[in-house]
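Q: I have a chain and its ligand on the screen, and I would like to learn how to read them one feature at a time. Where should we begin?

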Amino acid sequence: MKKYNVGIIGATGMVGQRFASLLENHPWFEVKALAASSRSAGKTYEEAVGNRWAMKTPMPENMKNMVVFDATSDIEKIAGLVDFVFCAVDMKKDEIKKLEEDYAKAECPVVSNNSAHRHTKDVPMIVPEINADHTAIIDAQRKRLGTKKGFVAVKSNCSLQSYVPALHPLMEYGITKVLACTYQAISGAGKTFETWPEMVDNLIPFIGGEEEKSEKEPLKLWGKVEGDEIVDATTPAITTQCFRVPVSDGHTAAVFVSFDKKPSVEEIKEKWNNFAGEAQRLNLPSAPKQFLHYFEEDNQPQIKTARELENGMAVSIGRLREDTQYDYKFVCMSHNTLRGAAGGAVLLAELLTAQGFMD
Ligand SMILES: NC(=O)c1ccc[n+]([C@@H]2O[C@H](COP(=O)([O-])OP(=O)(O)OC[C@H]3O[C@@H](n4cnc5c(N)ncnc54)[C@H](OP(=O)(O)O)[C@@H]3O)[C@@H](O)[C@H]2O)c1
């Protein structure tokens, strides 16, 4: 298979660094361009990142001396060097929307971690195991943008990356309502304990915008492509509370769920254990072999032992039991910067490549 040349927009940030690490030895993709703000442009990647490198593995040798582009003024140059870009930038929503569409209009597809386009009706928001069929909307988006190749595709927010996959195989039982409380790691805010010492021995019962995203985005994932838009699902009713907790990586969710046709505990576990999505069927390089792992032990899944499961791309579930108010409750967790951010975007790019959208 030919190698695809890729760029990372926002390469100096937390998610951008994760892209750089994940793509270092990727079998299909090769990093040819790195971009960030004008503060970093013109410096080598090593100089631009400085003491911000937050990955456990060293900065990839082949990227250290790459000169960082300006993400906004060097679009044409970058588009000329690569087949598509990954994007994770800290800018205003309107600026991100424009930036991503500018890359698309330069015939450079964008696989984005940003939230700006998540509710644009012709931009697919995809978890490859859940709604790989939503790529069908790309033709309509290309028509709107006037492009032949360029388009924007996004991944969903990291907060729902554990509970939506756990609920998805149970949809056939008619999920009526969901309550989810999330306990989210500090890397989700682009922080470490060194840069956010106030989080040691602390919990913050608020993450701006997170509850709205956690309640709304699942309905787009479970929506349908109709004509030139994705129409959101109208059920289940979802309510959430999102907390920031003193954990470096890994978001946990405590989930309560009710059904039209209540399944048995055995049926639910059987659905989880046997679930495979398009990512597994296509055997994509970053896909976990088993997406959902159910743990029988009462004290699992724990962040420290479960977050790296299947290279941080699996979802861990435990403590399924009946509830007094809802039909069932359970706990689930996933790695927020791997499955929940850069890893999920790399998997999405692999899906789009396998489906022929990057050619
Ligand atoms: N952290 C997570 O787990 C996570 C999960 C899902 C989604 N996200 C989303 O991913 C995006 C990036 O998050 P992050 O945690 O990686 O943020 P971050 O660590 O603050 O990094 C931000 C990146 O954006 C670049 N940037 C800032 N202003 C810019 C501008 N005007 N033009 C071009 N580039 C600019 C920065 O470049 P300089 O270094 O030059 O300033 C840096 O590369 C955000 O939209 C966030 O919501 C994050």
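A: Let us begin at the ligand, where H1 gives the most to the surrounding shell, with three residues. H1 and helix H14 (338-354) each supply at least two residues of that shell; helices (H or I, at least four residues) and strands (E, at least two) are DSSP runs, numbered from the N terminus. The model is a predicted one, in which local features need pLDDT of at least 70 and side-chain atom pairs count only at pLDDT 80 or more, while totals for chains, interfaces and linings use all residues. Residues are numbered from 1 along each chain as its sequence is written.

Q: Which residues around the ligand come nearest, and how does the shell divide by class?

A: A residue is near a molecule or strand if its C-beta atom, placed from the backbone, lies within 6 Å of it. Of the 28 residues around the ligand, Gly13, Ala36, Ser37, Ser40 and Gly190 come nearest. The shell has 10 nonpolar, 16 polar and two charged residues, where Ala, Val, Leu, Ile, Met, Phe, Trp, Tyr, Cys and Pro count as nonpolar, Asp, Glu, Lys and Arg as charged, and the others, Gly among them, as polar.

Q: Into which domains is the chain divided, and what does each of them give to the shell around the ligand?

A: Domain bounds come from an automatic or database domain assignment, and here they give domain 1 (4-157 + 342-354) and domain 2 (158-335). The shell around the ligand draws at least three residues from each of domain 1 and domain 2.

Q: How many residues does the contact take from each domain?

A: Two residues are in contact if their C-beta atoms, placed from the backbone, lie within 7 Å. The centres of domain 1 and domain 2, taken over C-alpha atoms, are separated by 24 Å, and the contact takes 31 residues from domain 1 and 30 residues from domain 2. On the side of domain 1 that touches domain 2, the elements that give two or more residues are helix H6 (128-131) and H14, with the largest share, seven residues, coming from H14. The residues of that side of domain 1 divide into 17 nonpolar, nine polar and five charged.

Q: How do I read a sheet, and what is the strand order of the open sheet with parallel pairing?

A: One reads a sheet by its pairs, and two strands pair if DSSP finds at least two bridges between them. The open sheet with parallel pairing has six strands in the order E3-E2-E1-E4-E5-E6, and its edge strands, strand E3 (69-70) and strand E6 (152-154), each pair on one side only. Strand E2 (residues 29-36) runs parallel to E3 and is joined to it by two bridges, with alanine 36 standing opposite aspartate 70 in E3. Helix H1 (residues 14-23) lies across strand E1 (4-9), E2 and strand E4 (84-87), running at about 160° to E1; axes are lines fitted to C-alpha atoms, for helices over the stretch in contact, and angles run from 0 to 180 degrees between N-to-C directions.

Q: Which strands stand at the edges of the sheet with mixed pairing, and why is one side of each left without a neighbour?

A: That open sheet has six strands in the order E10-E7-E11-E14-E13-E12. E10 and E12 stand at its edges, each with a single partner strand, so one side of each has no neighbour in the sheet. The twist averages 20° from one strand to the next. Strand E7 (residues 175-184) is joined by eight bridges to strand E11 (residues 251-259), which runs antiparallel to E7, and by eight bridges to strand E10 (residues 237-244), which runs parallel to E7. Valine 178 stands opposite isoleucine 238 in E10, while threonine 182 has alanine 253 in E11 as its bridge partner.

Q: Where in the backbone should I look for cis peptide bonds or a positive phi?

A: Most residues other than glycine have a negative phi, and most peptide bonds are trans. In this chain a cis peptide bond joins threonine 235 and proline 236, with omega about 0°, and proline 236 is in the loop between strand E9 (229-231) and E10. The peptide bond from glutamine 300 to proline 301 is also cis, with omega near 0°. Glutamate 310, although not a glycine, has a positive phi of about 50°, and its place is in helix H13 (residues 309-312).
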